[in-house]
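Open the model in your viewer and switch to a cartoon view. The stops below say what to select and what to look for at each one.

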Amino acid sequence: MTIDWQEQAKKYRDQYLQDLRELISIPSVRDDDHKTNEYPLGEGPTKALLKFLSFGKRDGFVTKNLDNIVGYIEYGAGEETFAMQSHADVMPAGDGWETDPFVMTEKDGNLYGRGTSDDKGPGLAAYYGLRILKDNGIVPNMKIRLIIGTDEESDWTGMKHYFDVEPRPTLGFSPDAEFPLINGEKGNATYETTFGSSNGSEYTLKEFDSGLRLNMVPGNATALVETDDNEKFVDAFTDFLDKNPLSGDIKATGDGIAVHLIGKQAHAMAPENGVNAGTYLAAFLNQFNFEKDAKNFLSFIADYLHDDTRAHKIGADYVDDVMGDLTMNVGIMKFDFRKGGLVNTNFRYPKGTDDTKILQYLLKVADKLAGRVKEVGHMVPHYVDPSDPIVKTLLRVYSQQTGDADAKPEVVGGGTYARMMKRGVAFGALFPGTQDTMHQANEFQPINDLLKAMAIYGQSIYELTAK
């Protein structure tokens, strides 16, 4: 059967944009503080899932909601299952937006809004790729499911639940990364280092707060400091801003000196693309005569973690010829003079090292500073051989649709649902040359890129399940 996939995609443009607009309008950030029986991960994620499933019902697909935390849209039948794994949750918006992050805004051919790139836009493009098959009467030789999770940006509760109660897919892809294709994902390990709450007298660290999620480079950091020498502190802060790539402000309050730094958000898989406001703030404060636990907290960040995305300072650095560098993101940093301190570090590591080795490096440093370390999350590296038919087929389709005859698979530090399938890969929808704004303010995706992705997904599903 001959189909012009890009012409097919253009026919769905207006409805696709309307559906995406409705999805973007739902602030689907996981919210455990307001979870209920109806909304196990907060209201937003469940409502975004239900909205996604409503599109499938409207268009005549089989749909299923699994406990309001994960669901799927199904087409075809058979013993084997081809899966596309997407997610309807998003990162917190954060500061720095020029438009409302939950109102999809079209400007200069780009769609702005939280989720346009990660992952509502690409996930919906994959859905419309499936619609092209159904609307053209193409019957697959296996069951196809678009599986929609609701907390990919945290601990994958929903998708894990799917794999607990439904048959494991045979093969598939996650439209939650970049083109041409990702056949390898580094290991992902997260650690929590805690400190006591004791302080000194000359400088008192009353509060320190930076970071929204462990898989996001913090764009903001604040601290509240008590000192008798306000003038010296303010002058030092002004000098610090002059010498470093951040902005900020400082002011006296009734409780002390309030400090605020503004850096740049970025995805934790490439922390070098951000400016970590939290580690910079710790580096600024560490020059002063803090004492005891407050000093240890600041020193741990400033002396061993700051400006070191490859973890050289703690000795955990590692490079693999196939999977590349180990990377480290310092995602959450908090201190309270009544409760103590906490630092969350997230490592994306290649084969050749592991989470236990990284933990030992952290423990060695933390022990010097009276800190306590524990591992709070871990996923092993994932790799699909380039010779696997799914890799070869998807690359061939991508090359046909884009004209890029030199497309090759790659390994990244990001973690997608694809790693849950033995023959799972990440496939789009960010094209080479398009700015990566995932997890950042002013997240966007070009309309033409999303329509091209829709065509690629449609042909890919056809080639792998129906040809």
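Start with helix α6. This is a predicted model, and in it α6 lies across β11 (203-210), β13 (220-227), β14 and β15 (256-262). Against β15, the helix runs at about 5°.

**The eight-stranded sheet**

Now select the strands beneath that helix and their neighbours. They belong to an open sheet of 8 strands, ordered β14-β15-β13-β11-β19-β20-β10-β21. The pairing is antiparallel. Go to the edges, β14 (247-253) and β21 (372-379). Each has a single partner strand, so one side of each is left without a neighbour in the sheet. Look along the sheet for its twist, which averages 20° from one strand to the next.

Stay at the β21 edge and add strand β10 (residues 187-195). How many bridges join β10 to β21? There are 7, and the two strands run antiparallel. To find the register, pick Thr193, which stands opposite Val373 in β21.

Next, select helix α8 (residues 292-304). Which strands does α8 lie across? They are β10, β11, β19 (327-336) and β20 (340-349). Relative to β19, α8 runs at about 160°.

**Two helices in contact**

Return to α6 (residues 230-243) and add helix α7 (residues 277-285). Their axes are 11 Å apart, and the helices pack at an angle of about 135°. That angle makes α6 oblique to α7. The crossing of α6 past α7 is right-handed.

Show side chains here. From α6, the contact uses Phe233, Ala236, Phe237 and Phe240. From α7, it uses Tyr280, Phe284 and Leu285. Is this contact polar or nonpolar? Its residues divide into 7 nonpolar, no polar and no charged.

**An aromatic pair**

A search of the whole structure finds 34 aromatic pairs. For one of them, select Tyr203 and Phe288. The rings are tilted, with 40° between the planes and 5.2 Å centre to centre. Where do the two residues sit? Tyr203 is in strand β11, while Phe288 is in the loop between α7 and α8. The pair links distant parts of the chain, with its residues 85 apart.

**A strand with two partners**

Select strand β9 (residues 182-185) together with strand β23 (residues 410-412). These two pair in the parallel sense over 3 bridges. Then add strand β22 (residues 382-383). With β22, the pairing of β9 is antiparallel, over 2 bridges.

Centre the view on Gly184. Its bridge partner in β23 is Val411. In β22, the bridge partner of Gly184 is Tyr383.

**The three-stranded sheet**

For the last stop, select β4, β5 and β26. They form an open sheet of 3 strands in the order β4-β5-β26, with antiparallel pairing. The edges are β4 (105-107) and β26 (444-446). Both have a single partner strand, so one side of each is left without a neighbour in the sheet. On average, neighbouring strands here are turned by 25° against each other, direction ignored.

Zoom in on strand β5 (residues 110-112), which 3 bridges join to β26. These strands run antiparallel. Leu111 stands opposite Gln445 in β26.

Finish with helix α11 (residues 447-465). This helix lies across β4, β5 and β26. Relative to β26, α11 runs at about 70°.

How values were computed
Residues are numbered from 1 along each chain as its sequence is written. This is a predicted model: local features need pLDDT of at least 70, side-chain atom pairs count only at pLDDT 80 or more; totals for chains, interfaces and linings use all residues. Side-chain values use heavy atoms; hydrogens and water are left out. Axes are lines fitted to C-alpha atoms, for helices over the stretch in contact, and angles run from 0 to 180 degrees between N-to-C directions. Helices (H or I, at least four residues) and strands (E, at least two) are DSSP runs, numbered from the N terminus. Angles under 35 degrees count as roughly parallel, over 145 as roughly antiparallel, 65 to 115 as roughly perpendicular and the rest as oblique. A crossing is left-handed if the near helix is turned anticlockwise from the far one by less than a right angle, and right-handed if clockwise. Contact means heavy atoms within 4.5 Å. Ala, Val, Leu, Ile, Met, Phe, Trp, Tyr, Cys and Pro count as nonpolar, Asp, Glu, Lys and Arg as charged, and the others, Gly among them, as polar. Two strands pair if DSSP finds at least two bridges between them. Rings of Phe, Tyr and Trp (its six-membered ring) pair if their centres lie within 6.5 Å; planes under 30 degrees apart count as stacked, over 60 as edge-to-face and the rest as tilted.
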